[in-house]
Amino acid sequence: MPEDDEDQSPPSDLRSQPPCSPNKSRNCISSSSSQTFPDHVLENVLENVLQFLDSRCDRNAASLVCKLWWKVEGLTRSEVFIGNCYALSPARLTQRFKRVRSLLLKGKPRFADFNLMPPDWGANIAPWVSTMAKAYPWLEKVDLKRMFVTDDDLALLAESFPGFKELILVCCEGFGTSGIAVVANKCRKLKVLDLIESEVTDDEVDWVSCFPEDVTCLESLAFDCVEAPINFKALEGLVGRSPSLRKLRLNRFVSLEELRRLLLLGAPQLTSLGTGSFSRGDQSDEQGPPDYAAAFRACKSVVCLSGFRELMPEYLPAILPVCANLTSLNFSYANISPDMFKPIIHSCHKLQIFWALDSICDEGLQAVAATCKELRELRIFPFDPREDSEGPVSELGLQAISEGCRKLESLLYFCQRMTNAALIAMSHNCPELTVFRLCIMGRHRPDHVTGKAMDEGFGAIVKNCKKLTRLAVSGLLTDQAFRYMGEYGKLIRTLSVAFAGDSDMALRHVLEGCPRLQKLEIRDSPFGDVALRSGMHRYYNMRFVWMSACSLSMGCCKDVARAMPNLVVEVIGSDDDDENREFVETLYMYRSLDGPRKDAPQFVTIL
Amino acid sequence: MEGCPRSRETCPKLLDLIPQERKWYHDEEKNNSDQEKKLELRLAPPGGDEEDLSAMKKKKNLETRNNIKKEAEDKPIFNLSGNHFSPSNKTTYAPPHISHKRTAPGPVVGWPPVRSFRKNLASSSSSKLGNDQINKSGEGEKQVEPKREGMFVKINMDSVPIGRKVDLNAYSTYEQLSLAVDKLFRGLLAAQRDTSGGEGEEQPIIGLLNGKGEFTLTYEDNEGDKMLVGDVPWQMFVSSVKRLRVIKSSEISSALKFGCSKQRENEELKWLSGTSVCVEGSHSF
């Protein structure tokens, strides 16, 4: 059975035709009846056909047809997505898939981002890199989310894959600028180096100078999360010799003046720009303030704008020349008042993705609603993320958005005050919603106008938004809200619950009523053993369940672990190791093909 | 469903366990009977007792609303629900967060759910430099160590622009450290030499401790002095070392002579401007 990627042509006795295109494969089939080795032909044909399947859902389906299809699909899958790095071992990956060029891997559960899990829990990339180094020397792309990556891992990666092209690290940690330097230096074919929302330690290494000195293949360089000064001269040089560069996201150590210089170099090609600090250093304005708007006028192709890490608002109007083209705008690090904001948003007619701080207030949201008719995704983050902060946005802003942005698909909204009426309105106005995440920051806050629980509002969302796949709830919620979720939330895959519900019934409604539920994360809610047991018919079909500060007993968790051998049930302790602890502090359980992991730290007990 | 038989067993126990002395916000008796009704309902198939549930819900909403108006906003009604099915008895034990809430509404770990790098925006205009690691923890949150439990010190090598880090806690002798240094830099050194027309073969880095090899391992201690590695007992070394440097053995005497901080500044400036650190011998430290 030919393993070679290049060998797409039919076996020698059919080689009356040149190497196959799909049409020709069909011809191959018709003449195969005289074949002496039909299996080989079928495999070759299948390979030719299956190589065109991209979607992993389609591939998963195809692999279930029969053993032959399973095998051939395994040979032709070039991109593998693993949603939980502990669901299988690296060895299993390399046994099943032989020609992987791209790996997408996710590690820690999302609640780890909010300090709900002690550090060093795991999700180490090391075993994956070392296994793939032997099995896939042709590997081109690695995309990691919430993994622990060390400098050594990056060094091994850089050494092991000569054709390596894309490194994307989202919400990762454990490495520093040394590791980045090694990648920059050794991966000569590097096209993409994207560090997104990752913790990168400052090793005082000039990694920008480590890129090869001749023309690079770089298409995307994002380092806005790197909290370390960079060598600007080297960066200028790098941009100058990267003709394919389309996306550049600078960190806050790049000043406005430096940004201007970079834009004069490479602006016309850029499609995505992260503007760095957007503030000036201590330079004297001898010749008057520089013309930053001119630099932005040169950005004819920019459709995605972000940065503004230390915004000096008086310079914000410089971006006006690009506003009309923008489809994506991220102001979520900029404390912008409504008055500064409105003139800018007024020009952004094509905007589809908009992230901002709540400093723009309800007034700013009204301006968005008036202008951004194409809006698909809105995220409003709190400038002051405390429970008792002011809260400049409320149901008024949400109502306005629902009326103005009818195509809205995804919402993340932090606020202090909300009403059921606004949610009900949104449920009717925005039928395309697939992601609805509302965080009322004060715990257990009811509808601030009626004083009622937020049940009806969330109920309307799950009932009327028929495409809803992701939901995060907050505010005062009784079991009724969960009853609605169980009844109407038939497509929900991800559910986040915090400080909500009254009893086990709430969780039962969800576990019994939501057949597509994959990811369930719950904290500080009164759900106990009865609720946990009620979901046992579901857990093998889910990616994970997280329950922290609930009312689960160790005995029940042990029962579940015993009853479900392919489920890894982790009990994660906290700092005070109280033996008399009645309830389990944190339960994190997930299905696994290869049993419990061997790298669990001391504070994790696997039942 | 697998869960059911067990729940039948446990429920009567729970009923017994709900003590009279538990505190509720409002009328205790009413609540206990609600309590029992609720438990009865849970034994029935899901979705079965619509009427009772809705009546209860109305009652609860009314009670809830009244309570909200009476109590300060932050005192959670959750207390009510928190006690429902916890089998704990007189000790009223609950996970730390819950008891914390009952007494005083203080900040809770990881709430609101905003990632740490989004948290110091309110004070960011003043903090330009690396204060972020301190700010990142936020109020009332667990202090997350940015690194693991290990003693990481930086280590640089002459003629290699890329520095590394070593965890000194991973070793207990100078020999082990020396081997680790070889492992760390062998490849990088070969790569450097390759570009200057060398063979490209990796040579092991040996003789770091005895002055006999091409390179020698030195360190800077907590007083800023440059020292040869290997002279003092290991533990003493670990407790005083701040930084390591692998220098060319030919430059030992000059390197150790010039140990002032000005040299360090110059060195760092050179790094930032992109030139290799291994320049004239007298400035190599």
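This is a short dialogue about reading confidence, packing and a pocket in a predicted model.

Me: Happy to start simply. What is the mean pLDDT of chain A?

Reply: Good place to begin. The mean for chain A is 90, and 91% of its residues reach 70 or more. Residues 1-36 of chain A have a pLDDT below 50, and beyond near neighbours in sequence this stretch has 46 contacts in the model.

Me: Thanks! Why is helix 15 of chain A described as largely enclosed by the rest of the structure?

Reply: Buried means under 20% relative accessible area. Helix 15 (residues 395-404) of chain A is largely enclosed because 7 of its 10 residues are buried. Among them are Leu398(A), Ala400(A) and Ile401(A). The buried residues pack against helix 14 (361-371), strand 14 (377-381), strand 15 (410-415) and helix 16 (420-429) of chain A.

Me: Which residues touch the most other members of the largest nonpolar core?

Reply: Those are Phe354(A) and Leu244(B), in a core of 210 residues. Helix 7 (residues 174-195) of chain B gives this core its largest share, 7 residues. A second, separate core has 14 residues, including Phe414(A) and Trp111(B).

Me: And how do I read a pocket? What is the volume of the second largest one?

Reply: A probe the size of a water molecule, rolled over the atoms, shows where empty space is left. Here the second largest pocket has a volume of about 1,200 Å³. It is lined by 32 residues, and those closest to its centre are Asn60(A), Phe81(A), Leu88(A), Arg591(A) and Leu593(A). The lining divides into 14 nonpolar, 10 polar and 8 charged residues.

Methods: Residues are numbered from 1 along each chain as its sequence is written. Chains are lettered from A and ligands numbered from 1 in the order in which they are written. This is a predicted model: local features need pLDDT of at least 70, side-chain atom pairs count only at pLDDT 80 or more; totals for chains, interfaces and linings use all residues. Side-chain values use heavy atoms; hydrogens and water are left out. On a 1 Å grid over the protein atoms alone, a cavity is a set of points where a 1.4 Å probe fits but cannot get out, and a pocket is an open set with protein on both sides within 12 Å along at least five of seven lines; lining residues have an atom within 4 Å of a point. Grid points are joined across faces, edges and corners, and a volume is the space filled by probe spheres set on the points. Ala, Val, Leu, Ile, Met, Phe, Trp, Tyr, Cys and Pro count as nonpolar, Asp, Glu, Lys and Arg as charged, and the others, Gly among them, as polar. Buried means under 20% relative accessible area, exposed over 50%, partly exposed in between (1.4 Å probe, protein chains only). Helices (H or I, at least four residues) and strands (E, at least two) are DSSP runs, numbered from the N terminus. Contact means heavy atoms within 4.5 Å. pLDDT is the predictor's confidence in each residue, from 0 to 100. A nonpolar core is a set of buried Ala, Val, Leu, Ile, Met, Phe, Trp, Tyr and Cys residues joined through side-chain atoms within 4.5 Å.
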